[in-house]
Amino acid sequence: MNLSHLITQDAVREQSLQIDFLCEEKAAFLEGRYFEASRSPFFYKNLYLSILPEKVVDFFFKKWRLTETTAGESIPAAIFRKHKSELRGFPVKIRGVKGYPFAQVSAGGVPLSEINLSSMESKKIPGLFFAGEILDVVGPCGGYNLHWAISTGLAAGEAAALQP
Ligand SMILES: Cc1cc2nc3c(=O)[nH]c(=O)nc-3n(C[C@H](O)[C@H](O)[C@H](O)COP(=O)(O)OP(=O)(O)OC[C@H]3O[C@@H](n4cnc5c(N)ncnc54)[C@H](O)[C@@H]3O)c2cc1C
């Protein structure tokens with residue numbers, strides 16, 4: 001969702017992305033657990049379930065044609081490393097975004113360079129104040145856009161009220 005506005009800015013080009021399901025720390029953890037566990041019988045799937053959501057693990061196990069009870073000892077180190085590297089850079093082809101009806105924020109709007117940021121007043125038209133979505137600001141998911149709307153609304157409202 002956070003990437004969708006970047007994707008729409010370059011909709012002509014064929015785009016793809018790679019998902020890292022592990023990150024450096026989890027990859028090292030997985031490697032350690034694999035070599036530690038491979039000394040005694042273990043279920044290969046349990047390795048992955050300890051660090052990834054079950055749906056993700058189920059997806060990859062289906063892809064790798066492995067089952068719940070695949071023995072860890074039956075997976076050679078080279079295959080384990082192949083699985084690990086697939087989890088670190090899983091390619092996804094982008095087919096588009098869900099469009100305006102599903103959008104949560106809109107890119108574009110009044111550039112910040114045209115605004116006095118302490119009062120939110122337009123540099124071009126004195127006495128005109130802006131806040132929130134109308135400005136060219138896009139925050140990631142997590143409350144940043146509401147925070148932006150409320151804080152700029154407060155600043156703009158106070159400055160407008162103090163106008164002579
Ligand atoms: C489904 C959804 C989920 C979201 N979830 C989050 C989230 O979890 N966290 C987050 O930070 N942000 C989220 N956002 C974004 C966030 O809600 C907006 O960035 C924020 O509400 C923008 O505030 P605003 O006051 O600038 O604009 P708006 O909230 O859009 O307010 C504009 C108001 O102006 C009114 N209006 C429009 N035209 C006129 C007119 N001509 N005359 C009078 N009134 C008019 C509209 O009816 C509306 O009430 C979400 C947005 C959507 C759509």
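**View 1. Helix 2 and helix 5 cross with a right-handed turn.** In this predicted model, the axes of helix 2 (residues 23–37) and helix 5 (residues 77–88) come within 11 Å and cross at roughly 165°, where axes are lines fitted to C-alpha atoms, for helices over the stretch in contact, and angles run from 0 to 180 degrees between N-to-C directions. Helix 2 is therefore roughly antiparallel to helix 5, a description used for angles over 145 degrees. A crossing counts as right-handed if the near helix is turned clockwise from the far one by less than a right angle. Helices here are DSSP runs (H or I) of at least four residues, and strands (E) of at least two, numbered from the N terminus.

**View 2. The residues that join helix 2 to helix 5.** Helix 2 contributes Ala27, Leu30, Glu31 and Tyr34, while helix 5 contributes Phe80, Lys84 and Arg88, contact meaning that C-beta atoms, placed from the backbone, lie within 7 Å.

**View 3. Val97 in the loop between strand 2 (90–93) and strand 3 (115–116).** Val97 counts as partly exposed because it has 16 C-beta neighbours inside 10 Å, whereas 20 or more would make a residue buried and 12 or fewer exposed. Leaving aside residues up to four places away in sequence, Val97 touches Ser4, Ile7 and Thr8. The C-alpha atoms of Val97 and Ile7 are separated by 7.7 Å, although these residues stand 90 apart along the chain.

**Reading the views.** Residues are numbered from 1 along each chain as its sequence is written. Local features need pLDDT of at least 70 and side-chain atom pairs count only at pLDDT 80 or more, while totals for chains, interfaces and linings use all residues.

Definitions and conventions: Contact = placed C-beta atoms within 7 Å. Parallel < 35°, antiparallel > 145°, perpendicular 65-115°, else oblique.
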